[in-house]
Structure formats: C-alpha cells, structure tokens
There are 2 protein chains.
Amino acid sequence: MTPAARTAIEHSDIIIGYKTYLDLIDELLAGKEVVASQMMKEVDRCGRAIELAAAGETVALVCGGDPGIYAMAGLVFEMLRSRDLAVAVEVIPGIAALNACAARLGAPLMHDFAAISLSDLLTPWEVIEKRVRAAAAADFVLVIYNPRSRRRVEQLVKTRDIVMAVRGPRTPVGIVTGAARENERVELTTLEQLTECEVGMQSTVIIGNSQTCCWRNLMITPRGYAGKYAV
Amino acid sequence: MTPAARTAIEHSDIIIGYKTYLDLIDELLAGKEVVASQMMKEVDRCGRAIELAAAGETVALVCGGDPGIYAMAGLVFEMLRSRDLAVAVEVIPGIAALNACAARLGAPLMHDFAAISLSDLLTPWEVIEKRVRAAAAADFVLVIYNPRSRRRVEQLVKTRDIVMAVRGPRTPVGIVTGAARENERVELTTLEQLTECEVGMQSTVIIGNSQTCCWRNLMITPRGYAGKYAV
C-alpha cells in the first residue's frame with residue numbers, strides 16, 4: 001500500500017470494501033464506520049460509496065491492486081455519470097497485479113505488452129479472442145488477467161493455442177498466484193506446459209514475446225540494449 | 001514510493017541512480033554512499049551496481065516509476081546473465097507511469113490495453129508500427145510511452161493517423177506530463193487534436209478504445225457493467 005492510500009484511509013470517516021481486502025488493513029479501521037461486503041457485489045459497494053459521499057461523508061472505497069486497472073475506479077465514474085452526480089473523487093494508483101507479478105518473475109515487461117482479461121462475464125469471447133490473436137501476431141508480451149476460474153477453463157486453453165501457433169511451444173510463461181500475499185506462488189513454465197499448471201482466480205499469467213528468455217528461474221524480456229551496447 | 005522501496009533504500013549501503021530521481025529522495029540518503037549519474041547512462045549505472053553487489057555490498061538501484069515496466073530491472077538481469085553472475089536481486093514494484101497517468105485521467109484502463117513505446121532507439125520503427133496497427137484494429141486502449149522527444153516527432157503523428165483511421169477523430173485521448181511531480185500537467189483531448197498538444201519526454205499518452213468517453217473532464221473506459229446490471 002502506498003503512503004497516499006494510507007493517508008486517504010486515515011482521512012476518511014467511512015471505509016467500504018470487499019471483506020477480504022479490509023481484513024488486510026485491519027489496523028487502519030479502528031474508530032471508522034466500516035461497510036464490508038461479499039465478493040461480486042461491486043455495484044452495491046460503489047452505489048453505497050456514492051450515496052454516502054453525495055450526502056457529504058468522506059468515503060474510502062478500498063480494492064486490491066490498482067483501482068485504475070480493471071478495477072473499481074471505472075464503475076464509480078460510470079455510476080456517477082448515469083446519475084449526473086458531481087461528487088469529488090480521487091483515484092489513488094496502486095501496485096496492480098501486472099506490476100507485482102512482473103517483479104516476482106524477473107523482468108518480463110521490459111518491452112511492449114498487452115493486458116487482456118479472459119473473463120467473458122462482461123465481454124463477449126469473440127472480442128477477447130480477437131485481441132489475443134492481434135497481440136500474439138504483433139509479438140506483444142501478454143499479461144493475462146482472470147485466466148481461469150472453476151467454471152471457466154477453456155479460455156486459457158484457447159489463448160495458449162493461439163499464441164503457441166505463432167511463438168512456439170517453448171515460449172516462457174510465468175504464473176503468479178496471490179502476489180504479495182501469504183499464499184504467494186510463483187511458477188515459471190512454457191506455453192506447452194501452461195495448461196497443466198495450477199492457475200486460478202488469484203493468478204496472473206504473463207506470456208513472453210519472441211525474445212523473452214529464462215535464466216536462473218527468472219523471466220527476462222530484453223529491451224534491446226544488447227544489440228546497441230556491449231552489456 | 002511504497003514502504004517496501006523505502007525499506008530497501010534504508011537497508012542499503014550504496015544508492016545508485018539518475019541524479020533527478022535521487023534528488024527526490026534526498027532525506028533517505030544521509031550516511032549512504034551515493035552514486036549519482038546523468039541521464040542515458042543506464043548501462044554504466046547498472047554495471048556499477050552489479051560490480052558493487054558482486055563485491056558483497058548491499059546496493060539500491062533507484063529509478064522512477066516501476067523498475068519492472070520498460071525500466072532498469074531488465075538491464076540488470078541482462079548484464080548479470082551475460083556475466084553469468086549469481087547476485088541476489090529483489091525487484092520492488094512501483095507505481096509505473098501507466099498507473100499514475102490512468103489515475104489522473106479518471107478510469108481509462110478499465111478494459112484491455114496495450115502499452116507501446118514509440119522510441120525507435122532500441123526497436124525498429126517497423127516493429128512499433130506493426131504493434132500500433134494491431135492494437136488499433138483489436139480495439140485495445142493504447143498507453144503510449146516515449147511519445148515524442150525534441151528530435152523524434154513523427155512517430156506520434158503516424159500513431160495518431162493509424163488509430164484515427166480505425167476509431168475516428170473524436171476518440172478521447174489523455175496526456176499526462178510529469179505525473180505526481182510538481183510540474184504535473186493533465187490534458188484531455190481527442191485524436192484529431194492530439195498532434196497540436198504539448199507532448200514531451202515526460203509525457204504519457206493514453207488513447208481510448210471505441211467505447212471510451214469523456215464526462216466532466218474525466219476519461220472513462222466502461223468495463224461493461226452497464227450492459228449487464230442497472231448502474
């Protein structure tokens with residue numbers, strides 16, 4: 001958590017968030033009004049935060065990672081817009097899954113990359129597949145959000161097959177599960193082996209580009225210095 | 001700066017970095033050996049850090065943003081690999097330009113996005129252009145790193161033209177210059193107007209996808225909740 005996020009929570013009267021995340025910041029919640037909700041209740045949570053803020057309260061809406069990357073910031077603004085409500089909102093950036101997972105794996109994001117969510121809950125699979133194909137063909141590193149859930153397993157297999165057809169089976173792949181949490185697990189594998197690895201709701205998968213290599217259990221995408229300077 | 005980064009600096013004996021960044025953390029440097037270098041000396045800086053670490057020193061190599069996103073982590077590992085040196089390295093993730101700029105603009109990164117550097121110093125323009133075309137065609141939000149420098153101005157014009165041919169002239173574009181610094185400047189514009197805006201070495205440009213809209217000086221890319229739930 002950044003000092004800016006901590007300060008915002010300290011200066012708020014009401015803290016709203018998914019229970020699992022609020023449990024992680026327990027020591028900051030003393031004396032605050034706390035509204036903890038269950039998973040998948042994003043719309044309720046944002047609606048409550050907006051309602052209280054519009055009534056004049058100072059509210060902190062807490063989420064994991066970075067609220068600006070596939071997270072709550074957008075829903076807050078969408079809901080404010082649909083109500084045409086002028087509530088002052090400050091988005092405080094955080095360490096997103098892509099930042100944390102890249103750091104754990106070595107340096108896979110040293111060159112152009114595409115972030116793609118495989119969840120087809122809010123996006124048709126055709127759109128997602130088109131993006132996977134485009135990113136694979138243009139040699140982007142891929143950062144895969146929501147790669148697999150209990151009920152949704154085929155999307156990762158299809159993604160693997162699309163990229164493997166372009167980049168080959170030995171392309172390095174990193175899987176980070178529960179980044180920066182107690183249960184953190186880091187696995188380095190290949191496109192070929194990816195579908196046999198443990199990947200779940202808390203995992204982020206990074207697929208290397210054509211230049212990405214592995215060295216001493218690290219995943220490294222060269223920036224191109226070696227071609228220009230003696231390194 | 002995250003608490004983890006601060007702790008790492010506190011626990012290091014030698015701090016190495018580009019002078020401009022070291023000036024920002026002046027209060028952490030008392031009693032440390034400091035190696036400040038000029039811009040464009042990344043290879044020298046990393047080489048010195050590796051040399052000292054290999055000799056048993058605890059060294060912090062400081063950079064702006066996130067060392068794992070287009071930054072120093074990769075060069076460190078590339079140089080260790082070319083020397084086959086087993087020095088323990090911890091990459092501490094930070095708030096990258098894409099995190100900070102998205103937060104300042106509202107919520108542009110709520111859906112799939114591609115990060116592309118327009119610098120052709122280490123990458124041939126043909127590769128960059130191919131990526132811009134692919135990202136434009138597949139409706140990714142684009143995060144443009146190194147959009148323009150004094151000597152390099154054509155790449156942003158070409159990028160604008162490629163995306164505009166697919167998405168239309170009114171597509172929202174956000175420009176953040178000097179994010180989270182004293183000279184921070186945030187500008188919301190359109191693809192059509194982009195080339196008339198002030199964009200420099202410290203700027204990051206975010207180009208919306210086909211669904212991105214502007215509301216009250218904010219840039220919002222819908223996640224898709226509105227199609228699924230009443231928001």
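Visitor: Which strand of chain B does β5(A) pair with, and in what sense?
Guide: Happy to start there. In this predicted model, strands are DSSP runs of E with at least two residues, numbered from the N terminus, and two strands pair if DSSP finds at least two bridges between them. Here three bridges join β5(A) to strand β5 (residues 113-117) of chain B, and the sense is antiparallel.

Visitor: Which residue stands opposite A:Ala114?
Guide: Residues are numbered from 1 along each chain as its sequence is written, and chains are lettered from A in the order in which they are written. The partner lies in β5(B), and it is B:Ala114.

Visitor: What kind of axis relates chain A to chain B?
Guide: Superposition is by least squares on the C-alpha atoms of residues with pLDDT of at least 70 in both copies. A turn of 180° with a shift of 0.0 Å along the axis lays chain A on chain B with an RMSD of 0.0 Å. That is the relation of a two-fold axis.

Visitor: Which residue of chain A has the C-alpha nearest the axis?
Guide: Its C-alpha is 2.1 Å from the axis, and the residue is A:Ala114.

Visitor: Which element gives the most to the side of chain A that touches chain B?
Guide: Contact means that C-beta atoms, placed from the backbone, lie within 7 Å; by that rule 56 residues of chain A are in contact with 56 residues of chain B. Helices are DSSP runs of H or I with at least four residues, and among the elements giving two or more residues are α4 (72-83) and α6 (125-137) of chain A. With eight residues, the top contributor is α4(A).

Key. This is a predicted model: local features need pLDDT of at least 70, side-chain atom pairs count only at pLDDT 80 or more; totals for chains, interfaces and linings use all residues. Two residues are in contact if their C-beta atoms, placed from the backbone, lie within 7 Å.
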